[in-house]
Amino acid sequence: MTLSKLAVKNIKKSIRDYSIYFMTLVIGVIIFYIFNAIETQTVALNVSKSSYEIIDLMNIILSGMSVFVAFVLGGLIIYASRFLIKRRSKEFGVYLTLGMSKKRMSGMLFVETLIIGVVSLVVGLIIGVILSQFMSIVVANLFEADMTQFEFVFSSQAAIKTVAYFGIMYLVVMIFNTLVIGKCKLLNLLQGTKRNEEMKFRNPILCIVLFIISCITLGISYYFVTAGLKNLTGQKDLVIIIIMGAVSTFFIFWSLSGLMMGIFRKMKGVYYKKMNSFILRQFSSKANTMVISMTIVNLMLFFTIVALGSAVSLTRNLNENVRKMLPCDVGYVKKFNVSSEDIDEWYKSMSESEKEAIYKDSQVDIMSTFKTYGFDTGVLKDVLDVYEYSYDGLTLKAFAGEKLGEVTQNYAFIHEDDDMTILRQSDYNKIADLFGNEKVDLAEDEYVVVADFEALFDVINDVLGEGKTIDIKGHVLKPQKKEYLFGVDAFESGHTNTGFFVVSDDVVDDSMRAYDMVFANYAAGSKEEKQQIEEKVKEFSDSVWNQNAKSFLMTTTKEEIRSSSIGLAVMASFVSLYVGIIFLIASAAILSLKELSESADNVEKFAMLRKIGVDEKMINSTLFKQIGLFFLFPMVLACIHSIFGLKFANRMFEIFGTTGLGGSLCITAIIIVAFYGGYFLLTYFSSKRIIRDVTRR
């Protein structure tokens, strides 16, 4: 019989053994193709220039991540090959007994791997090409691209890259299999399925001591990434905390695996109930011999949960922020009444005439600047022009005092001497209409504070609750409300408003003007016209800024912020989804292959259970619980890690808001259940077939 015919016959005979291996390869190919095809699919999208720049950057990052993903998948494929060789060790022993050479047997494995590889590539690419069309729609919707000319796209570049990467992986596996077969001994092959994992017993006192120390160390790590975050001085400290957490996780698994049987045996009501003694002993034996694997799986699951949860939350919040906080097409802000002393300090290298020109420009409003530099305001509509005022000494520190505490230390963009600006009630109510803020109706001696930065909410409320008065040019004002009003007065993609005052119109005068702000929509009837106006607005902004810095005018467009902020979120989500799913597949596949190997090794034990009268229903229930415990063990600790990991991530993304976390966790849970749960069920049904088919022979 030729090698190819023998290989095909072996694959058909061992199709059940290959099921998880084949499924893992197919999913890997699908994921790899989909994320590498984004570059080709986004080329045809009709999006703005700024969106194209973000998409290009995202494609570069995803391409780089593909190298890392390839290493992970390569390691997983080698791990799976070890399982298959062990599963078929007795078969290989028979081949050697019948006179087949190791070289010929290696050739047979080569052909088998080649066939499985080609089939998995073809199936994976077909499914990947289909599913990638949905990814195109997702990307287009996120960047608000024109979908009227959408067409089916096949990325030859992604397909070639997928075939090349997986071809290299399969080649490595073939070499690995050849080396393994070359070192195998006939006796070991014939006894391969009978050699069970050795049950190791550890010193219980040592296990208890290590468990307590590990829990304390892990608790310290949890503290430093949440409540004690302010004590971390840099990335080096964070790396140390991560290492502490990883080492603690290893020793928690190591100590628990050594204590399990002792703990279970003392729980007599549980241990001796039905088949629990068999289940717990089997589970304890596997946990005892898989400490390193359990640790790796746990850390990969932890990364997956945190990465997916925080990325989805960030995307949802940024999308919501863009919708709520960018209510019109363009916003202008111009610093007003800049003193000549400040100009002398800021522009030391300029001539006196240039400084004089800058000073004069700072004394005129935005509409006058438009006229001076020849900007056609006819492209704008719904124009809202308001002023912000300032008063010497009215700073964040002067308002909050010692209550400011460590907020300025924890957030680099907040400074004690930052001015708290002032808005007239009439101007603020116009802004409230635009941004959806709560309007105010103040008496002459009252003020309110408007803010949206969560870290300062309690500070502001404490100050207002004490009835803090402020003096503005002889007007002594008291707080109308005992708490802040939530709101903003400028274009922002995140919640960074640390607070401004709203006062009666008569309290301030024109000499106190600090900023002029103009908000407007584009006078456009179509998306194309809006893009044309957008380009004109940017050209004008660049022109004004480049003319010897003669204007303090700053321009921010909705499209610009939307592209950058949503682009950031999309990149974070796609990278997290890419790596997270690969880690999830790797984690589940490691557990599945290990459990299938155990099921093959334990067929005689299940045969014995049948002989002593255990019915099929109870055997299936026993197997289900045993595999369930095995999958649940690393997941439980990963979920505990993730509680603190997500808190840390939310702290990092606090300026973008923390709403929608529940929804993001639901999406994360669906992804985990789909992949991790799918592997669990496939492992259960495959294991059930193994113990049923073998024990009934």
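Let us start with one residue: at 65% relative accessibility, Lys 274 counts as exposed, because exposed means over 50% relative accessible area. Lys 274 sits in the loop that joins α10 (268–271) to α11 (276–289). On the surface, Lys 274 gathers with Lys 273, Lys 617 and Lys 625 in a patch of positive charge. Please keep in mind that this is a predicted model.

**The protein as a whole**

With that first residue placed, here is the wider view. The protein has 24 helices and ten strands. Of its 697 residues, 52% are buried. Its accessible surface comes to about 32400 Å², and 61% of that belongs to carbon and sulfur atoms. Among the contacts with a separation of 6 or more, residues 24 or more positions apart account for 85%.

**Other patches on the surface**

Which residues form a negative surface patch? They are Asp 392, Glu 416, Asp 417 and Asp 419. To find Asp 392, look in the loop between β2 (380–389) and α16 (396–400). Asp 392 is exposed, with a relative accessible area of 73%.

There is also a nonpolar surface patch of about 850 Å². Its makers are Phe 110, Leu 114, Val 118, Val 122, Ile 126, Ile 127, Ile 130, Leu 131, Phe 134 and Ile 137. One of them, Leu 114, lies in helix α5 (residues 102–142). Leu 114 counts as partly exposed, at 42% relative accessibility. As a general point, an α-helix has 3.6 residues a turn, so residues three or four places apart point the same way.

**Below the surface**

Is Ile 31 buried or exposed? Ile 31 is buried, because its relative accessible area is 8% and buried means under 20%. This residue belongs to helix α2 (residues 18–43). Leaving aside residues up to four places away in sequence, Ile 31 touches Tyr 578, Ile 581, Ile 582 and Ile 585. Another pairing to look for in the structure is Ile 31 with Leu 125: they are 94 residues apart in sequence and 9.5 Å apart in space, C-alpha to C-alpha.

Helix α19 (residues 457–465) offers another look at buried residues: here they are Phe 457, Val 459, Ile 460, Asn 461, Val 463 and Leu 464. Just after α19 comes Gly 467, which takes a positive phi of about 75 degrees.

**Positive phi away from glycine**

Two further residues have a positive phi without being glycine. Asp 382 has a phi near 55 degrees, and Lys 473 has a phi of about 55 degrees. Where are they found? Asp 382 lies in strand β2, whereas Lys 473 is found in the loop between β5 (470–472) and β6 (475–479). Asp 382 is exposed, with a relative accessible area of 54%, while Lys 473 is partly exposed, with a relative accessible area of 42%.

**Accessibility in one table**

To help you find your way back to the residues above, here are their relative accessible areas.

| Residue | Relative accessible area | Class |
|---|---|---|
| Lys 274 | 65% | exposed |
| Asp 392 | 73% | exposed |
| Asp 382 | 54% | exposed |
| Lys 473 | 42% | partly exposed |
| Leu 114 | 42% | partly exposed |
| Ile 31 | 8% | buried |

Conventions:
Residues are numbered from 1 along each chain as its sequence is written. This is a predicted model: local features need pLDDT of at least 70, side-chain atom pairs count only at pLDDT 80 or more; totals for chains, interfaces and linings use all residues. Side-chain values use heavy atoms; hydrogens and water are left out. Patches are made of residues with over 30% relative accessible area and no salt bridge: like charges are joined within 9 Å, nonpolar side chains (Val, Leu, Ile, Met, Phe, Trp, Tyr) within 5 Å. Accessible areas come from the Shrake-Rupley method with a 1.4 Å probe; for residues, only the protein chains shown count as cover. A salt bridge is a side-chain nitrogen of Lys or Arg within 4 Å of a carboxyl oxygen of Asp or Glu. Lys and Arg count as positive and Asp and Glu as negative; His and the chain ends are not counted. The place of a charge is taken as NZ of Lys, CZ of Arg, CG of Asp or CD of Glu. Helices (H or I, at least four residues) and strands (E, at least two) are DSSP runs, numbered from the N terminus. Buried means under 20% relative accessible area, exposed over 50%, partly exposed in between (1.4 Å probe, protein chains only). Contact means heavy atoms within 4.5 Å.
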